[in-house]
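Here's a quick briefing to read alongside the sequence and the structure. Take a look at the fold before going through the points below.

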Amino acid sequence: MPNLEITNVSKGNYYIKGDLTFRTITLKTLKAIEVKAASTINIDLQQINKIDSAGLALLIEWIGFARIHHTELQFDNIPTQLTALAKLSYLSETDLFTIKE
């Protein structure tokens, strides 16, 4: 079974390691980021090996949760694969998912 690890390094700081795909995402994954716990959340994506549309959908859910709770959410070290998915989905052209190049 593919591996996925979401670690809370410190208050509001997380990293994701492994595959963020349809096969690895569960309800527990959805709840792994505690958007109410800090005014700013940083999620480091550098250690993601693989991401698919389910992974992109999860990130969008987290963005939605953050907005509801007035929490700033930032993704660091965005993989090229994720950037390509966002552009393919036209999400890079919206205020929902801003990609700085």
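Let's start in the middle of things: Leu 45 touches Ile 16, Leu 59, Phe 75, Asp 76, Asn 77, Ile 78, Pro 79 and Leu 82, leaving out residues up to four places away in sequence. One thing to keep in mind throughout is that this is a predicted model. From Leu 45 we can work outwards to the core, the strands and the loops.

**Leu 45 up close**
- Leu 45 is part of strand β3.
- Is Leu 45 buried or exposed? Its relative accessibility is 0%, and the cut-off for buried is under 20%, so Leu 45 counts as buried.
- Among the contacts of Leu 45 is Ile 16. The two sit 29 residues apart in sequence, yet their C-alpha atoms are 5.6 Å apart in space.

**The nonpolar core**
- The largest nonpolar core has 21 residues, and the ones touching the most other members are Ile 43, Leu 45, Leu 59, Trp 62, Leu 73 and Phe 75.
- Which elements feed this core with at least two residues each? They are β2, β3, α2, β4 and α3, the last of these spanning 80–88.
- The biggest giver is α2, which supplies six residues to this core.
- Two of those well-connected members, Leu 59 and Phe 75, are also on the contact list of Leu 45.

**Overall layout**
- The protein chain has three helices and four strands.
- Going along the sequence, they come in the order β-β-α-β-α-β-α.
- Of the 101 residues in the protein chain, 36% are buried.
- If you take the contacts in the protein chain with a separation of 6 or more, 67% of them are between residues 24 or more positions apart.
- The protein chain exposes an accessible surface of about 6300 Å², and carbon and sulfur atoms own 51% of that.

**How the strands line up**
- β2 (residues 13–20) and β3 (residues 40–51) run parallel, with seven bridges joining them.
- On the other pairing, β3 and β4 are also parallel, and five bridges hold that pair.
- Asn 42 is a handy marker in β3: Asn 13 stands opposite Asn 42, and Asn 42 in turn stands opposite Gln 74 in β4.
- Ile 41 has Leu 73 as its bridge partner in β4.
- With α2 in between, β3 and β4 form a right-handed β-α-β unit.

**The two faces of β4**
- Which residues of β4 are on the covered face, and which on the uncovered one? Leu 73 and Phe 75 make up the covered face, while Glu 72, Gln 74 and Asp 76 make up the uncovered one.
- As background, side chains in a regular strand alternate between the two faces of the sheet.
- Both residues of the covered face, Leu 73 and Phe 75, turn up among the core members with the most contacts to other members.

**The loop before β4**
- α2 (53–68) and β4 (72–76) are linked by a loop, and Thr 71 lies in it.
- Thr 71 has a relative accessibility of 9%, which is under 20%, so Thr 71 counts as buried.
- The side chain of Thr 71 reaches the backbone oxygen of Val 35 at 2.8 Å.
- Beyond residues up to four places away in sequence, Thr 71 touches Val 35, Ala 38, Ser 39, Thr 40, Ile 41 and Ala 66.
- His 70 belongs to this loop between α2 and β4 too. With a relative accessible area of 73%, over the 50% cut-off, His 70 is exposed.

**Two positive phi values**
- Most residues other than glycine have a negative phi.
- His 70 goes the other way: it has a positive phi of about 55 degrees although it is not a glycine.
- Asn 77 also has a positive phi of about 55 degrees without being a glycine.
- Where is Asn 77? Asn 77 sits in the loop between β4 and α3.
- Asn 77 comes out as partly exposed, at 41% relative accessibility, and Asn 77 is one of the residues that Leu 45 touches.

Methods
Residues are numbered from 1 along each chain as its sequence is written. This is a predicted model: local features need pLDDT of at least 70, side-chain atom pairs count only at pLDDT 80 or more; totals for chains, interfaces and linings use all residues. Side-chain values use heavy atoms; hydrogens and water are left out. Buried means under 20% relative accessible area, exposed over 50%, partly exposed in between (1.4 Å probe, protein chains only). A polar contact is a pair of N or O atoms within 3.5 Å; within protein, one must be able to donate a hydrogen and the other to accept it, and residues adjacent in sequence count only if both atoms are side-chain atoms. Contact means heavy atoms within 4.5 Å. Two strands pair if DSSP finds at least two bridges between them. A crossover is right-handed if, with the strands pointing away from the viewer, the path from the first strand over the helix to the second runs clockwise. Accessible areas come from the Shrake-Rupley method with a 1.4 Å probe; for residues, only the protein chains shown count as cover. A nonpolar core is a set of buried Ala, Val, Leu, Ile, Met, Phe, Trp, Tyr and Cys residues joined through side-chain atoms within 4.5 Å.
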